[in-house]
Amino acid sequence: MGAVSLSGQTRTEREVRVRAPGKVNLSLRVGAREPDGYHPLATVFQAVSLYEDVVARPSDEMTLTVSGQQAERVPTDETNLALRAARLLAVHTGVQAGVHLHLHKGVPVAGGMAGGSADAAAALVACDALWRTGVSREELTDLAAELGSDVPFPLTGHTAVGTGRGHLLTAAMVRGEYHWAFAVRDEGLSTALVFATFDELISGGTRLDPDADRALMQALRAGDAPALGRALHNDLQHAALELAPSLAEPLAVAEDAGALGVLVSGSGPTVAALARSRQHALVIAAAMTAAGVADDVATAVGPVPGARIVPAGTAGPLEDPADRSL
Ligand SMILES: C[C@](O)(CO)[C@H](O)COP(=O)(O)OP(=O)(O)OC[C@H]1O[C@@H](n2ccc(N)nc2=O)[C@H](O)[C@@H]1O
Ligand SMILES: Nc1ncnc2c1ncn2[C@@H]1O[C@H](COP(=O)(O)OP(=O)(O)OP(=O)(O)O)[C@@H](O)[C@H]1O
C-alpha cells in the first residue's frame, strides 16, 4: 500500500470500482430541432442489466484502458467520455490528481444504449470517491449533463422520464420487472446523424404532446408488460431504419417470436424486444441468432439501479487485463 498526496492530504492508495447500467428508451418523442442544434425530448428511460464496469486507480496522469465487448471500437484518447468525465470533475473541484480508469464494456458500443454515457457516469462516481471531492449528487448530475444528454440517467438508473435534451429526470413509478432481448449490430450508428436524418424526414413539423405516454406510464404503474409492449414508441426509429434498412429483419423476427413489443433502442442500431419472461427473452434471442439477423444477441432485465460502488472482492469482469501481465 503506497500513499499519495491529494490537496495537501495524505491518504492510503486504493481503487474504486463502479458499475453503471445501459438503457432502453421505452418511449422517445422528439420535437423540432432548436437553434442550438439539439432537439427537445420527452422520453422514458429504463436501466437494464447490461453493465459498464469502471475501476479507478490513483495515478499521476489521466490514462485509460478498455476490455470486454467491442472494446476495440472504443477510443482511448482524450475524446473518451470517461476520461472527459474525470477531467471535468478535477477541474470543477480543483483536485490536483490523476487517475487510471479501466473500462470493462458490457453495453454495445454506439448501439443506442448509452454505453459511453454509462462509462462517464461511472467515472464521475469513481473519481468522486477516489479523490474524496465531497460534491453533492446534484452537482454530479449537473456535471453529467455537461458531458452528454444521456449521462445523467445512468447515474440515477431505475425508470425515469427525461425532458429537456433528455437530461432532466423525474423518477417514474414502476411495478414489476421487464425482460428484454437485444439484437446487437457490429456497426454502430452516429447519434448526430440519426437526429439529422429525423430532421430531413419530418421537415420541420413536429410538436411534443405531453399526454402521449399516458398509456405507457399506466402500464408501468400496473406492472402490465403486454400493455407496455403495445405502448413502446420511438420517433427516431424511422430515421435509424433509413440509415440501416436491415434493422427491419431483427424487428420482424422478434415480433414473430411473440415479443410483446419491439423497437429500435434510442438512436439505434440495437433492437430491443420486450419478452413475457426471462425464458421468453432467451427464446427471442435464440430466434434472432438462428435467423442470422444480428451480429450478437443479449438478454437483460430492467429496471436496475444507477451507478454504484461495487465493494472490493465482488466477483465480476472488473479486472484490467494489463494487470495480468505484470
Ligand atoms: C438518442 C438518445 O440516446 C436518447 O436517449 C439521446 O438523445 C442521445 O444522447 P447523447 O448520446 O448523450 O447525445 P449528446 O452527446 O448530448 O449529443 C450528440 C448529438 O445528438 C444530437 N442530439 C442529442 C440529444 C438531443 N436532445 N438532441 C439532439 O439533437 C445532437 O446532434 C448532438 O450533437
Ligand atoms: N467510453 C466510451 N465508450 C464507448 N464509446 C465512446 C466512449 N467514449 C467516447 N465514445 C465514442 O462515442 C460514440 C458513441 O458511443 P456510445 O456507446 O455511448 O453510443 P450510444 O450507446 O449510441 O450512445 P447514446 O445511446 O447515448 O446515443 C462511439 O462511437 C465512440 O466513438
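Q: What residue classes does the shell around ligand 1 have?
A: By class there are six nonpolar, twelve polar and two charged residues. Nonpolar here is Ala, Val, Leu, Ile, Met, Phe, Trp, Tyr, Cys and Pro; charged is Asp, Glu, Lys and Arg; the others, Gly among them, count as polar.

Q: Any ground rules first?
A: This is a predicted model, where local features need pLDDT of at least 70, side-chain atom pairs count only at pLDDT 80 or more, and totals for chains, interfaces and linings use all residues. Residues are numbered from 1 along each chain as its sequence is written, while chains are lettered from A and ligands numbered from 1 in the order written.

Q: Back to the ligand. Which residues come nearest to ligand 1?
A: Gly 148, Ser 149, Asp 150, Ala 192 and Gly 266, out of 20 residues around it. A residue is near if its C-beta atom, placed from the backbone, lies within 6 Å of the molecule.

Q: Which elements give two or more residues to that shell?
A: Strand 3 (16–30), strand 4 (41–59) and helix 5 (191–202). Helices (H or I, at least four residues) and strands (E, at least two) are DSSP runs, numbered from the N terminus.

Q: And which gives the largest share?
A: Helix 5, with three residues.

Q: What domains does the chain have?
A: Domain 1 (3–170) and domain 2 (175–302). The bounds come from an automatic or database domain assignment. Each domain gives at least three residues to the shell around ligand 1.

Q: How many residues of domain 1 are in contact with domain 2?
A: 27 residues of domain 1, against 34 residues of domain 2. Contact means C-beta atoms, placed from the backbone, within 7 Å. On the domain 1 side, strand 3 and strand 4 each give two or more residues. That side has 16 nonpolar, nine polar and two charged residues. The domain centres, taken over C-alpha atoms, are 24 Å apart.

Q: What does UniProt annotate over residues 216–292?
A: An unreviewed entry gives "domain: GHMP kinase C-terminal" there. UniProt positions use the numbering used here, feature names are shortened, and annotations may be inferred rather than shown by experiment. In the model, that stretch is 56% helix and 14% strand, with its end C-alpha atoms 31 Å apart.

Q: What about confidence?
A: pLDDT, the predictor's confidence in each residue from 0 to 100, averages 92 over the protein chain, and 91% of the residues score at least 70. The model has ipTM 0.96 and pTM 0.93.

Q: Where does pLDDT stay under 50?
A: Over residues 319–326, with five contacts beyond four places in sequence. Residues 1–12 are also below 50. That stretch has 17 contacts beyond near neighbours in sequence.

Technical notes:
Two residues are in contact if their C-beta atoms, placed from the backbone, lie within 7 Å.
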